[in-house]
Amino acid sequence: MADPHLMFSGLSDVAFVEPEIETTEEGGGFFRRLVDGLAKSSKALTGQIQSIAFDPDDAEAWEQLEEALLLADCGVPATVEIIGRLERRAAAGGMAAGEDLAPALAEEIADLLSGAEARIDVSQTPTVILMVGVNGTGKTTTVGKLAEHLRRVDKSVVVAAADTFRAAADEQLEDWAIRAGADFVGSSHGQDPAAVAYDGMEAAVARGRDVVLVDTAGRLQTQVGLMDELAKIRRVIAGRMEGAPHETLLVLDATTGQNGLVQARQFSEATPLTGIVLTKLDGTAKGGIALAIAHELGVPIKLIGVGESLDDLRAFDAASFARALLGLA
Amino acid sequence: MLDSLSDRLGGVLGDLRSRGRLSEDDVNAAIREIRLALLEADVNFDVVKQFVATIKERALGSEVSESLTPGQEVVKIVHDELTKLMGEGSSKLSLAGNPAVILVCGLQGSGKTTTCAKLAKLIAKQGKKPALVACDVYRPAAIQQLVTVGTEAGVPVYERGADMDPVEIAKWGIQQAKEQGRDVVIVDTAGRLTVDKDLMGELVKIRDAVRPTDTLLVLDSMTGQDAVVTAQNFQAAIAFDGLILTKLDGDARGGAALSVRAITGVPIKVITTGEKIDQIEEFHPERLASRILGMGDVLSLIEKAEELVDKDKAEELERKMRKAEFGLDDMLDQLRSIRKMGSLSSVLGMLPGVGKQLKNANIDDGQLDRVEAIILSMTMQERKNPSVINGSRRARIAAGSGVTVQQVNELLKQYEQMKKMMKQMANGKKPKMPMLPPNMQGKM
């Protein structure tokens with residue numbers, strides 16, 4: 001099972017248990033799962049790049065590395081940056097002849113991402129966490145899983161169903177809230193989502209709950225009215241409590257291509273983002289777009305989703321992610 | 001914003017007109033840019049490689065038409081090839097059979113449930129009697145969602161709750177449809193990852209049980225490189241017949257659709273363009289080609305405008321323009337109808353050639369809010385006849401709308417310019433168009 005303590009910062013001393021160093025078994029489990037998925041898609045390519053040894057004159061080898069990154073949705077600018085870093089490292093004599101290139105590349109990726117590694121701060125009472133994103137990325141599911149993980153670190157949770165648009169979103173979230181033992185603040189179809197978020201905060205304050213999770217409707221960044229609505233939800237939350245929302249997480253589907261960058265940019269204009277949740281990494285997609293976002297916008301990746309069960313939400317780890325991106329076990 | 005391919009090629013190939021034939025150097029320089037543009041549009045890496053090879057062959061030695069720059073010529077070739085590639089094969093839904101069975105499948109979150117209801121509505125419009133069957137027993141409240149959107153579409157939804165085997169539900173649903181005289185059955189299935197062997201096995205069982213006349217894969221237009229892997233895996237499992245491309249109301253280029261089309265050879269049948277139940281359309285290959293290349297989508301823009309502009313209001317405006325009675329209220333109306341189409345930057349983004357200009361122009365949608373606020377702070381008389389707005393009125397308007405007096409002045413000046421332009425137009429002179437960025441003037 002994933003240790004939920006790895007996800008959060010600002011836990012009180014009582015709740016905080018020193019996280020166990022990931023045992024090889026667990027690391028392997030999570031990892032194997034990711035790699036299993038990736039392996040099918042990129043078996044041929046992985047085979048190729050795993051066996052590439054460092055040879056400064058082998059242009060084809062460098063091209064294959066580039067290809068691996070592009071196929072993982074890292075995008076052209078981030079790919080150029082990472083390959084450039086590796087080339088500079090090689091030029092500076094940082095690599096021995098015959099050294100494997102792929103692990104070195106993974107190191108560079110992890111290095112680029114390590115600045116983007118961060119936990120969710122739950123030190124405020126209540127801590128307000130706003131979940132945003134385009135349609136179908138897994139916001140509601142992530143809210144449910146997050147509620148469960150918060151319960152496991154002894155945080156009491158209120159879940160506010162501010163997706164008042166999609167049919168049955170309210171029921172879907174209530175289902176999750178019951179599973180996670182969280183308080184549920186529901187809504188009716190077409191209700192003002194900002195009011196629902198406000199009610200959620202009121203309930204948390206009145207009942208002395210620790211965290212408020214606000215689920216919002218999926219919206220495409222091109223829908224001006226809906227983006228304005230999001231800005232309003234944020235304003236209402238901030239008006240109810242200074243410093244809130246404490247976290248605004250963009251839920252991003254790992255299958256997303258280069259449009260993910262546009263999404264991150266536009267959403268952060270409506271409501272500044274504190275982090276990214278990268279979902280559906282248990283499929284065949286590698287989620288390289290998160291790397292592009294971290295590289296170009298500096299928004300940290302905080303959580304990853306690797307499956308449908310409550311346990312399948314994990315803290316982001318740059319080194320494992322980098323290796324999985326390249327299909328290295 | 002990404003540069004469109006035309007801008008990029010313009011930069012590489014220069015603006016030399018009538019150079020005769022494209023030389024090998026021209027083509028090689030262009031190929032690199034085409035490759036990058038396609039990758040940024042999420043076209044799969046391998047597809048890009050193949051496609052670029054085709055382009056190279058066709059472009060080499062091809063004649064540059066008199067009216068085109070070499071860059072434009074290459075863009076034309078690319079556009080033609082893309083359109084050809086995506087347009088082959090029938091894009092009609094197979095509705096033969098009694099009942100016809102449409103099986104809808106895809107990854108989680110691609111938009112299956114909503115699309116099923118839209119499909120039902122589309123098919124009902126063709127005089128058929130569709131029904132929906134709810135086979136997603138996994139996602140909480142998925143069945144309820146289908147019931148809600150199905151009811152909205154005015155179509156019966158057959159469901160047995162979440163405790164029954166989806167294969168049995170599907171069989172039962174078809175039976176229900178037969179008994180109730182429905183002639184098309186749309187089967188909604190749970191989202192599934194292709195690495196999930198159990199769920200993929202289940203999908204095969206559903207297919208074998210219902211023997212669909214049309215099996216459709218729903219693909220999110222924002223999908224990246226993985227689209228190909230997903231499509232290949234679905235194809236290997238159930239050999240789908242067509243693609244539904246969703247969420248095209250966003251600003252993703254949609255190159256994934258091209259990849260899937262190229263690799264599986266399966267046609268794109270319909271696209272969906274919004275959250276409303278009737279936002280589903282037939283597929284136009286040339287439009288998607290333009291979109292992938294960032295060439296703007298003038299046709300969609302025109303359609304959008306036609307949809308949103310009130311015809312009576314437009315005629316009224318035309319009359320006012322001719323008589324030079326155009327007031328600030330009319331300007332506000334204009335502004336609002338433009339905004340209904342989307343943010344100003346997204347509207348401009350649909351126009352060819354604007355992409356690059358926009359990067360420097362830094363369009364501020366908030367500016368439109370200010371203009372609206374300023375006009376709304378005026379009295380009816382002031383809006384109708386702005387010449388009465390003197391210094392003290394300006395100060396009042398500025399205070400009322402929370403802007404500076406300078407900003408009020410600026411708006412009034414813009415209004416005067418617009419009015420002057422309209423007068424010229426009414427008199428049959430070709431006006432200068434101060435509102436458009438310079439590089440658009442020649443292209444409109």
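**Entry 1: S187(A)**

I began with S187(A) and found that, leaving aside its neighbours within four places in sequence, S187(A) is in contact with A161(A), A162(A), T164(A), D170(A) and V196(A), where contact means that the C-beta atoms of two residues, placed from the backbone, lie within 7 Å. I noted that this is a predicted model, in which local features need pLDDT of at least 70 and side-chain atom pairs count only at pLDDT 80 or more, while totals for chains, interfaces and linings use all residues. Residues are numbered from 1 along each chain as its sequence is written, and chains are lettered from A and ligands numbered from 1 in the order in which they are written.

I placed S187(A) in the loop between β5 (183-185) and α7 (193-207) of chain A; helices (H or I, at least four residues) and strands (E, at least two) are DSSP runs, numbered from the N terminus. S187(A) counts as buried because it has 22 C-beta neighbours inside 10 Å; the scheme calls a residue buried if 20 or more other C-beta atoms lie within 10 Å of its own, exposed if 12 or fewer, and partly exposed in between, with C-beta atoms placed from the backbone. From C-alpha to C-alpha I have S187(A) and G138(A) at 19 Å in space, with their positions 49 residues apart in sequence.

**Entry 2: chain A as a whole**

I listed 11 helices and 10 strands for chain A, and I noted that 55% of its 329 residues count as buried. Of the contacts in chain A between residues at least 6 apart in sequence, 79% join residues at least 24 apart.

The domain assignment of chain A, whose bounds come from an automatic or database source, gives domain 1 (24-114) and domain 2 (120-317). The contact between them takes 18 residues from domain 1 and 17 residues from domain 2. On the side of domain 1 that touches domain 2, I found that α1 (24-50), α3 (76-91) and α4 (101-114) of chain A each give two or more residues, and that α1(A) gives the most, with seven residues.

**Entry 3: strand β7(A) and helix α8(A)**

I then looked at strand β7 (residues 247-253) of chain A, where seven of its seven residues are buried. In a regular strand the side chains alternate between the two faces of the sheet. In β7(A), I see E247(A), L249(A), V251(A) and D253(A) pointing one way and T248(A), L250(A) and L252(A) the other way.

Which strands pair with β7(A)? Strand β3 (residues 127-132) of chain A runs parallel to β7(A) and is joined to it by four bridges, and strand β8 (residues 275-279) of chain A pairs with β7(A) in the parallel sense over five bridges; pairing requires that DSSP finds at least two bridges between two strands. I recorded V132(A) opposite L250(A), and L278(A) in β8(A) as the bridge partner of L252(A).

As a check on helix α8 (residues 224-240) of chain A, I compared its 17 residues, which at 1.5 Å a residue should span 24 Å, with its end C-alpha atoms, which are 24 Å apart and so agree; the expected span is 1.5 Å times one less than the number of residues. The buried residues of α8(A) include V224(A), E229(A), R234(A) and I237(A).

**Entry 4: chain B and the complex**

For chain B I counted 21 helices and eight strands, with buried residues making up 45% of its 444 residues. The mean pLDDT of chain B is 81, and 77% of its residues reach 70 or more, pLDDT being the predictor's confidence in each residue, from 0 to 100. I marked residues 352-362 of chain B, where the pLDDT is below 50 and the stretch has 29 contacts in the model beyond near neighbours in sequence, and residues 430-444 of chain B, where the pLDDT is also below 50 and the corresponding number is 16 contacts.

Is H284(B) buried or partly exposed? H284(B) counts as partly exposed because it has 18 C-beta neighbours inside 10 Å; H284(B) lies in the loop between β8 (280-282) and α11 (285-292) of chain B.

Between the chains, 38 residues of chain A are in contact with 37 residues of chain B. The side of chain A that touches chain B takes at least two residues from each of α1, α2 (59-71), α6 (169-179) and α9 (259-270) of chain A. For the complex, I copied from the predictor an ipTM of 0.78 and a pTM of 0.75.
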